[in-house]
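The following exercises ask you to read a protein structure step by step, and each task is followed by a worked solution. Keep the sequence and the structure in view as you work.

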Amino acid sequence: EGQLEESGGGSVQAGGSLTLSCVGYTYSSYSTNCMGWFRQAPGKEREGVAALFAPLGTTYYADSVKGRFTISQDNAKKMVDLQMNSLKPEDTAMYYCAAGRAYSGSSCGYTLQDAALDTWGQGTLVTVSS
């Protein structure tokens, strides 16, 4: 698996939207089949935001972003997006995408807790002002 690369970060006012993109993974139902987005705000621990188990298309979200963020994939473009709506100042963080193997949808969803994915990007900064 090669290096992942995020893009789409920037500054936005509260209530606005951003779409983050992650490229560089090669989807395989047997290996790289779980993709996730994580974030880390200054002085805080890393937090799992959203995960997608590609074989079933099932998605998982942190409670803090449910109903506002949407994770999606385009395997032909080797891209995973995170659509972020109704952004809040507390969404300000460095956002990272990650990819790896999961044996089930639930284990992919659990990566939001243990971040057990093999390949990570360098991150893209999202700043939400009030």
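**Exercise 1.** Determine which residues glycine 15 touches beyond its neighbours up to four places away in sequence, and find where glycine 15 lies.

Solution. Setting aside residues up to four places away in sequence, glycine 15 touches Ser86 and Leu87, where contact means heavy atoms within 4.5 Å. Before going further, note that this is a predicted model, in which local features need pLDDT of at least 70 and side-chain atom pairs count only at pLDDT 80 or more, while totals for chains, interfaces and linings use all residues. Residues are numbered from 1 along each chain as its sequence is written, and side-chain values use heavy atoms, with hydrogens and water left out. Next, locate the residue: glycine 15 is in the loop between β2 (10–13) and β3, where strands (E, at least two residues) and helices (H or I, at least four) are DSSP runs numbered from the N terminus. Glycine 15 is exposed because its relative accessible area is 54%, given that exposed means over 50%, buried under 20% and partly exposed in between (1.4 Å probe, protein chains only). Finally, glycine 15 and glutamine 113 are 98 residues apart along the chain, and their C-alpha atoms are separated by 27 Å.

**Exercise 2.** Describe serine 86, beginning with its place and ending with its backbone angle.

Solution. Serine 86 belongs to the loop between β8 and β9. With 41% relative accessibility, serine 86 counts as partly exposed. The phi angle of serine 86 is near 50°, which is a positive value in a residue other than glycine.

**Exercise 3.** Aspartate 91 lies in the loop between β8 and β9; work out whether aspartate 91 is buried or exposed, and which partners surround its side chain.

Solution. Begin with accessibility: aspartate 91 has a relative accessible area of 1%, and therefore it is buried. Then consider the side chain, which makes a polar contact of 2.7 Å with the side chain of arginine 68; such a contact is a pair of N or O atoms within 3.5 Å, and within protein one must be able to donate a hydrogen and the other to accept it, while residues adjacent in sequence count only if both atoms are side-chain atoms. A polar atom of the side chain of aspartate 91 also lies 2.7 Å from the backbone nitrogen of lysine 88. Leaving aside neighbours within four places in sequence, the residues in contact with aspartate 91 are Arg39, Arg68, Phe69, Ser86, Val126 and Val128.

**Exercise 4.** Identify the residues that touch the most other members of the largest nonpolar core, and say which strand supplies its largest share.

Solution. A nonpolar core is a set of buried Ala, Val, Leu, Ile, Met, Phe, Trp, Tyr and Cys residues joined through side-chain atoms within 4.5 Å. The largest one has 28 residues, and those touching the most other members are Trp37, Val49, Phe69, Ile71, Leu82, Met84 and Tyr95. At least two residues of this core come from each of β3 (18–23), β4 (34–40), β5 (47–53), β7 (69–74), β8 (79–84), β9 (93–100) and β11 (124–129). Among these strands, β9 gives the largest share, 4 residues. Separate from this core is a second one of 11 residues, including Cys34, Ala102, Leu112 and Trp120.

**Exercise 5.** Tyrosine 60 is in strand β6; find the polar contacts of its side chain and its other neighbours.

Solution. Tyrosine 60 is partly exposed, with a relative accessible area of 23%. Its side chain is joined to that of threonine 58 by a polar contact of 3.3 Å, and a polar atom of the side chain of tyrosine 60 lies 2.9 Å from the backbone oxygen of glycine 105. Not counting residues up to four places away in sequence, tyrosine 60 touches Val49, Ala50, Ala51, Phe53, Gly105, Ser106, Gly109 and Leu112. Although tyrosine 60 and cysteine 108 are 48 residues apart in sequence, their C-alpha atoms are 8.3 Å apart in space.

**Exercise 6.** Describe alanine 115 by its place, its accessibility and its phi angle.

Solution. Alanine 115 is found in the loop between α1 and β10 (119–120). Alanine 115 is buried, since its relative accessible area is 13%. Phi of alanine 115 is near 50°, a positive value in a residue other than glycine.
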